[in-house]
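Let's take a friendly walk through this structure together. Have your viewer ready, and we will go from one region to the next.

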Amino acid sequence: MGIEFFEEDRIFKLDTPRSSYIISIVDEENFIGHAYYGKKCRDHHLGYLCRTKEAPFVPSKNARDRLSFLDAFPFEYSTHGLGDYRESCISVKAPGGQSAVSFGYTGHRIYKGKPKLEGLPATFGTEEECSTLELYCEDKVLNMEATLFYSVFEDTDVIARSVKITNKGKEPFYLTKALSACLELDDQDFELLTMHGSWARERKIQYRKVGYGQQSVASLRGESSHQDHPFIALKAGDATQERGDVYGMHFVYSGNFFAQAEKNQFDTVRAVMGINPKDFCWKLGEGESFQTPEAVLVYSSEGIDGMTTSLHKLYRKHLIRGEYRNKKRPILINNWEATYFDFNTEKLLQIAKQASELGIEMLVMDDGWFGKRNDDNTSLGDWDVNEEKLEGGLKHLVDEVNRLGMKFGIWFEPEMISPDSELYRVHPDWAIAVPGREPGRARNQYVLDLSRKEVREHTYESIAKILRSANIEYVKWDMNRPLSDIGSVKLEADRQGELFHRYVLGVYELQERLITEFPHLLLENCSGGGARFDPGMLYYSPQIWCSDDADAIERLSIQEGTAMIYPLSTMGAHVSDCPNHTVGRVTPFETRGYVALAGTFGYELDVTKIPQEDREQIPEQIKMYHKYNDLVREGEYYRIASYSVNKEYDCYMVVSEDQREALVTFVQVLNRPNWKSRRIKLKGLSAELDYAVEGEGEVYAGDTLMNAGILIENPWGDFKGKLIHLTAR
Ligand code: GLA
C-alpha cells in the first residue's frame, strides 16, 4: 500500500487497500498522464494505457498533430486553450490578457502523513494512516507553478486530491478557474449518479446515462445548496448496488461548486470537480499562492455499497473532529416546531420539565430569543437576549434547565443581518451588496460580508459572549438564505471575483475559532434544513440538520440519499409533531422513532401537548436509542430496499464492526392488499456465524440470512415500521 515512484518507467503508483491509481509522465515535455484507476493491480507497468504508442503519438514524434495529441491524452490535470477541447481544470487571465495554461512535470515528493490545507477543511491522518505525493509542475510562459497533491489512505479506498497554484513571476495574473481534481476513464457504459432537491426534499438520488457531451451539477448560491450536491459518481453500466465498478467524487467544500462528466469523441469520460469557475476570479501577485479545496475520489468494485462503506469510514475516521466524533450525542428536544417564535422562560421550562421526566437530555432553544425577533422579519445580527421573553435572563434559564438534569443548547444564524436590525442601522455596508442596487431579500434578510475582518470579528464576539455567559453545551448554526448581489465595499474592483470564496473561508475561520474556544461544544450545522450538508461543514461539526422536513416518510428518501455518502452519525434526525408541519401527514409515533433512530435522534415537538399515548412511548423510544445508538453510529450501513424505487417499502441495516450484532429497519409505506410477505436478503453479516432474532427465538445461519433471506410479514396499515435485532450466538 502507499505511494511508489518507478523512476525508469516514470510511473507513480498509488495504492489503497483495494484500488490502484497510476500516473505516467510522458514525452520530452513531461505531460502528466492518467494511466489507470480501478481494482488493485500488483504491477506498475500500466503506462501503456495512456495510448501514446498509437496515433496521434506524442508531440516529439508527431509535432504536426500536436492538437490531436492534446485533445486525446488522458491528463491528470487538464490544461486550457492549447488544443485540449475537453473541460479544462484551470484557466487564467495572463498579464497580456490571454487564457492558455500548460503544465509539465518538474519533480515530486513522497512522504508519510498528509498536510493541512491552510484555512480549509480537509481529511487528515497520521503517518501510519496515509501518505502523500506532491507532483510539481510548471508553465514556463506564465511563470506559474502548480503542486498536485494526492493522499492515499491505508484503511479506506480513497484518494484525496487538491492543487496549489503559485505565481513565480513578478507580474500579477488572474486565476479564472482552478478545479481540484480530474479523472479520465474509458467509458464503461457509465451512468452518472447525482443528488438533487429543494427545501424540505434534499439529496434525492438521480441516475442518468452518460451520453456524449457534458453533464454537470453546480451551485452558484454561495453554499453547497438544497438543489444540487457537490458529489458525482460514475457507475459502470453493469454495476449494481452490491457489485461492479463505481467511481465517486466528493467535494470537501461548502460554497459554489462545479462537477461534470463529459463523454467525448473517443468514448473516454472526463470527470472534473472544483470551485465553480463562474463568478470566480482570483488575483495572484508575485509569490502568492491559491490553494484549492480538496476533492476525494473513491473507487469501489463492490458497487454502490462499497463506495458507501469507504466514504463512511473516511468521514468517521479522517474528517470529523472533536469530542463528539465517536461519542453518543445527548437526546435533545428542540422548541422550533413546538412553539416557533411564541415562547418565554416559563414555556421552555415546562417543556424541559416534562422532557426531563421522560428521559430527554437536552433542551435546545431555537430561533427567536434575541433582539425583538417575534417573527422572521427582524433582528438577525442583534445577538442580545430578549429579556421580555427570557425573564431573568439567559443564565437563569440555563441554570434552571441544568437543575432539571438537562443540558442546554441554543440557535444562532451568525452569517445574516436583518434590514430591520440595530446592526444594519449602524453598518449598512456590512451586507453583501452591489453598489447602487438594493440587495435582494430572502426570508427578509441579507448576508453579512464575511470576507471583511471587522465583520468576522464582530460576529464572533457577539456569539461568543452569549456562549461565555452561561453553561451552553450545544449550538445549532443556521444559514437561511443563499448569497446573491455579490459585491463587497472592501474589495478592489479586480478582486470582486474573490468574494464567494472569501465568504466561505470566513465561515470556516469563524467555526474553527468557535470550536477552539469551546472544545466541549456540540456544534450542529444547518441551512434551512440541509442546504449546507457537505463534507466541508463536517470538519467543524459532527452532525448537520438533514432537512426541515421531519416527516418520517419524506425522510426515508432524504436519509437514503444522505446515508449513501455520509455516516449515519452525521444526520440530524428528530421525531416531530403530527400532522407533520410540512406535509400534513400523520404517521405512527413509533415509526417516527424508527426513522429518527438512523440519525442523531431527538424530538421536535411540544412534549406537553402531544397525545398522552404518544408521550407514553417516549421512555421506550429513549431506551431504544440507548440500546442501539452505538451500533448505528459505529456500524457499517447497508441499503437493502428503497421506497423511492419500489414505492412500497424501505429497508436498511447496520452491522457492528465485529459482525456480531445487526439492526434491520423496515418501513412499510403503503400496505398492499392480498399480498405475500416480503423477502429481505441481509448484508454484511458473517457467513460463519449464527444469529438469533430478538423476540422471536429463531436462529439463522449468517449465510442463510444473506443468501436466502428472511420473510417480513406485511404490517396492518400504512406507515408501519419494524426493527429486527440480530445477535451472534
Ligand atoms: C431554519 C432551520 C429550522 C429552524 C428555523 C428557525 O429553517 O432549518 O430548523 O431553526 O430556521 O428560523
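## A helix, a ligand and a loop

Helix 7 is a good place to begin: the cover over its buried residues includes helix 5 (393-403), strand 23 (407-412), strand 26 (474-477) and helix 8 (499-517). Keep in mind that this is a predicted model. The residues of helix 7 that are buried are Val455, Arg456, Thr459, Tyr460, Ser462, Ile463, Ala464, Ile466 and Leu467. You can also check the geometry of helix 7: its 16 residues (453-468) should span 22 Å at 1.5 Å a residue, and the C-alpha atoms at its ends are 22 Å apart, so the two values agree.

Now turn to the ligand. It is surrounded by 13 residues, and the closest are Asp366, Asp367, Lys476, Asp478 and Asp548. Sorted by class, this shell has six charged, four nonpolar and three polar residues. Some side chains come into polar contact with oxygen atoms of the ligand: an N or O atom of Asp548 lies 2.5 Å from one, the corresponding distance for Lys476 is 2.7 Å, and for Asn480 it is 3.1 Å. On its own the ligand has 310 Å² of accessible area, and the protein covers 96% of it.

Our last stop is Ala598, in the loop between helix 11 (589-597) and strand 31 (602-604). Is Ala598 buried or exposed? Its relative accessible area is 6%, under the 20% cut-off, so Ala598 is buried. Leaving aside residues up to four places away in sequence, Ala598 touches Gln559, Leu568, Met571, Val632 and Tyr652. Leu491, by contrast, is 107 residues from Ala598 in sequence and 45 Å away in space, C-alpha to C-alpha.

Methods: Residues numbered from 1 in each chain as written. Predicted model: local features only at pLDDT ≥ 70, side-chain atom pairs only at ≥ 80, totals over all residues. Heavy atoms only, no water. Near = heavy atom within 4 Å. Polar contact = N/O pair within 3.5 Å; in protein donor to acceptor, adjacent residues only side chain to side chain. Areas by Shrake-Rupley, 256 points an atom, 1.4 Å probe, with all protein chains shown as cover. Nonpolar A, V, L, I, M, F, W, Y, C, P; charged D, E, K, R; others polar. Helix = DSSP H or I, 4+ residues; strand = E, 2+ residues; numbered from the N terminus. Expected span 1.5 Å × (residues − 1). Buried < 20%, exposed > 50% of the residue type's maximum accessible area, 1.4 Å probe, protein only. Contact = heavy atoms within 4.5 Å.
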